[in-house]
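Me: Hi! Could you walk me through the side-chain contacts in this one?
Reply: Happy to, let's have a look together.

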Amino acid sequence: MGGATISSFNSTPEEEVSSVDQDFSNSSSVKPAYLRKVEDGGLNVKYNEADRPISPSSLDLEVNQRRRQNTYVEVWQSYDRLRTRSKNLEEAKCKISSYAPGVWIEELGGMKLSDYDVPKTTSLLLIGPKGSGKSSLINRISKVFDDDESSSERAQVSYNSLLGDGTYFIQEYMIPRGSTSFCLYDTRSLSDDLSENIEMIKCWMTKGVRHGELVIRESDGSDLRKKLKRKARGNGCQSCKVRIINFVIFVVDGLAFLKSMDTDGNTKTQFMQMIAETFNCPYLSFKDDKPVVVVTHGDLLSLTDRARIRVHLGKLLGISPAKQIFDIPEICEPATDLAIVDLLRYSLEHAERHLPCKKWIGDKVRSASLSGVSRSGFICLYIILGIAIIIACMRHAHGHHPAKPPPHVHFHHPAKPIPLVDWPKIDWHKIRHLWLDES
């Protein structure tokens, strides 16, 4: 994420927005116009201000034009808001520094804080393609909260990804140093093979992660495997503590993404497809909550290009470019620091939304469900018992009817009449009390 700074948050949008406006004006022959609907022969026909019919295709083009323009405006405004809010940076940092797991839980659906299984440490997982800048981002975040720009870098940064070096061992970093409130996990870069990425992510998200854990893929050569295993034996620092991931930060190299935007052919398709399919992997989402995205290497790009990247990336991933994509270049300035604070605030708040319930809450729900089933079962039992009693009584009554005598035989009725039904004695009062007890 190092390099010469071409533009930063200090650049004024007015100086660079002209190229984007030019893009708007050249992308469609249809000029923005106020539209109204007119009933004509039972068909809804769209007219412009000059009362000239607009074809459905032209209308769709204009609508998409307006949406795209509104999205750009929203992204530009997000840079302006950062500059305006940067004077309150210290206050925003204090909210993150004083964070404790569970403080931002929303008590919804009758749930209370005590009903949730709150971890001692909230865990945020960083993933991204090779060279995306995950380790550099961790160093940048750490410096913001250490308030010491002269401190050494905590994460090892690879400045030549072509050599194959990178993060092979999962690394845990507490933020701030010495705290146990939340941590960031630096991971091995994504592979070009989507199936390998999905398998690796599935393992992290379902089984948890450990500091110092070695990550080996099937595509790794035998020499690399031997080298990594020797390192693992030599380090001997793998933690026995397994942490469940609470939220995910997806890191994208803005420079590489811009190149793919402006390149035609299979290279563009493969790179963007890998990002989109990995990002939308179901294991990364908590219910319908997708990961937050960070765009790096913006210090090597103009502000216009950085805005273009966020808009295009938001469309590709299906998320808001102004609210869920954070542009964090390698620039030491208040606006960038505030963007980092906003990123962590977003991540921690969303991590709190998906904390699991305690085990006894689940047992209570299951117990209540079984209680309902038991009550229903007793109702059915009483109905069946009642039907059985009625049938038994009817059979009993049928057995006491005298046989019909032949025509030539005169039947003499006994002095005492025989009852038609000999009802068995049933303690209905006792049954009623049993039913009340079960209810």
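**Salt bridges and rings**

Reply: A search of the whole structure, which is a predicted model, finds 13 salt bridges.

Me: Nice. What does Asp-262 pair with?
Reply: Asp-262 forms a salt bridge with Arg-308, and their closest N and O atoms are 3.2 Å apart. Asp-262 sits in the loop between helix H7 (254-261) and helix H8 (266-279), while Arg-308 belongs to helix H9 (residues 303-317), so the contact ties together parts that are 46 residues apart in sequence.

Me: Is Asp-262 buried or exposed?
Reply: Asp-262 is exposed, at a relative accessible area of 52%. Its partner Arg-308 is partly exposed, at 25%.

Me: And what about Arg-306, which residue does it bridge to?
Reply: Arg-306 forms a salt bridge with Asp-327, with 2.7 Å between the closest N and O atoms. Arg-306 lies in helix H9 and Asp-327 in strand S8 (residues 325-327), so this pair ties together parts 21 residues apart in sequence.

Me: Are Arg-306 and Asp-327 buried or exposed?
Reply: Arg-306 is buried, and Asp-327 is buried as well.

Me: Where do Arg-345 and Glu-349 lie?
Reply: Both are in helix H10, four residues apart, or about one turn of the helix. Their side chains meet in a salt bridge at 2.6 Å, N to O. Arg-345 is partly exposed, with a relative accessible area of 26%, and Glu-349 also counts as partly exposed at 26%.

Me: Which residues do shared salt-bridge partners join into one network?
Reply: That network is made of Asp-262, Asp-305 and Arg-308.

Me: Back to Arg-345 for a second. Which ring face does Arg-345 lie over?
Reply: Arg-345 lies over the face of Trp-104, 4.3 Å from the ring centre. There is also Arg-310, whose charged end sits over the ring of Tyr-79 at 5.1 Å from its centre.

Me: Switching to rings with rings: how many aromatic pairs does the structure hold?
Reply: Seven aromatic pairs. One of them is Phe-247 with Tyr-346, a tilted pair at 6.4 Å centre to centre and 55° between the planes. This pair links distant parts of the chain: Phe-247 is in strand S6 (residues 247-253) and Tyr-346 is in helix H10 (residues 334-353), 99 residues apart.

Me: Are Phe-247 and Tyr-346 buried or exposed?
Reply: Both Phe-247 and Tyr-346 are buried.

Me: Which residues form one aromatic cluster with Phe-247 and Tyr-346?
Reply: Phe-286 and Phe-326 join Phe-247 and Tyr-346 in one aromatic cluster.

Me: Now S6 itself. How many of its residues are buried?
Reply: Seven of the seven residues in S6 are buried. Both faces of S6 are covered, with Phe-247, Ile-249, Val-251 and Asp-253 on one side and Val-248, Phe-250 and Val-252 on the other.

Me: Why do those residues split between two sides?
Reply: In a regular strand the side chains alternate between the two faces of the sheet.

Me: Which strands are joined to S6 by bridges?
Reply: Strand S3 (residues 122-127) is joined to S6 by four bridges, and the two run parallel. Strand S7 (residues 292-296) also runs parallel to S6, with five bridges between them.

Me: Which residue in S6 is the bridge partner of Leu-126?
Reply: Ile-249 is the S6 bridge partner of Leu-126. Toward S7, Asp-253 stands opposite Thr-296.

Notes. Residues are numbered from 1 along each chain as its sequence is written. This is a predicted model: local features need pLDDT of at least 70, side-chain atom pairs count only at pLDDT 80 or more; totals for chains, interfaces and linings use all residues. Side-chain values use heavy atoms; hydrogens and water are left out. Rings of Phe, Tyr and Trp (its six-membered ring) pair if their centres lie within 6.5 Å; planes under 30 degrees apart count as stacked, over 60 as edge-to-face and the rest as tilted. Buried means under 20% relative accessible area, exposed over 50%, partly exposed in between (1.4 Å probe, protein chains only). A charge sits over a ring if NZ of Lys or CZ of Arg is within 6 Å of the ring centre and within 35 degrees of the ring normal. A salt bridge is a side-chain nitrogen of Lys or Arg within 4 Å of a carboxyl oxygen of Asp or Glu. Two strands pair if DSSP finds at least two bridges between them.
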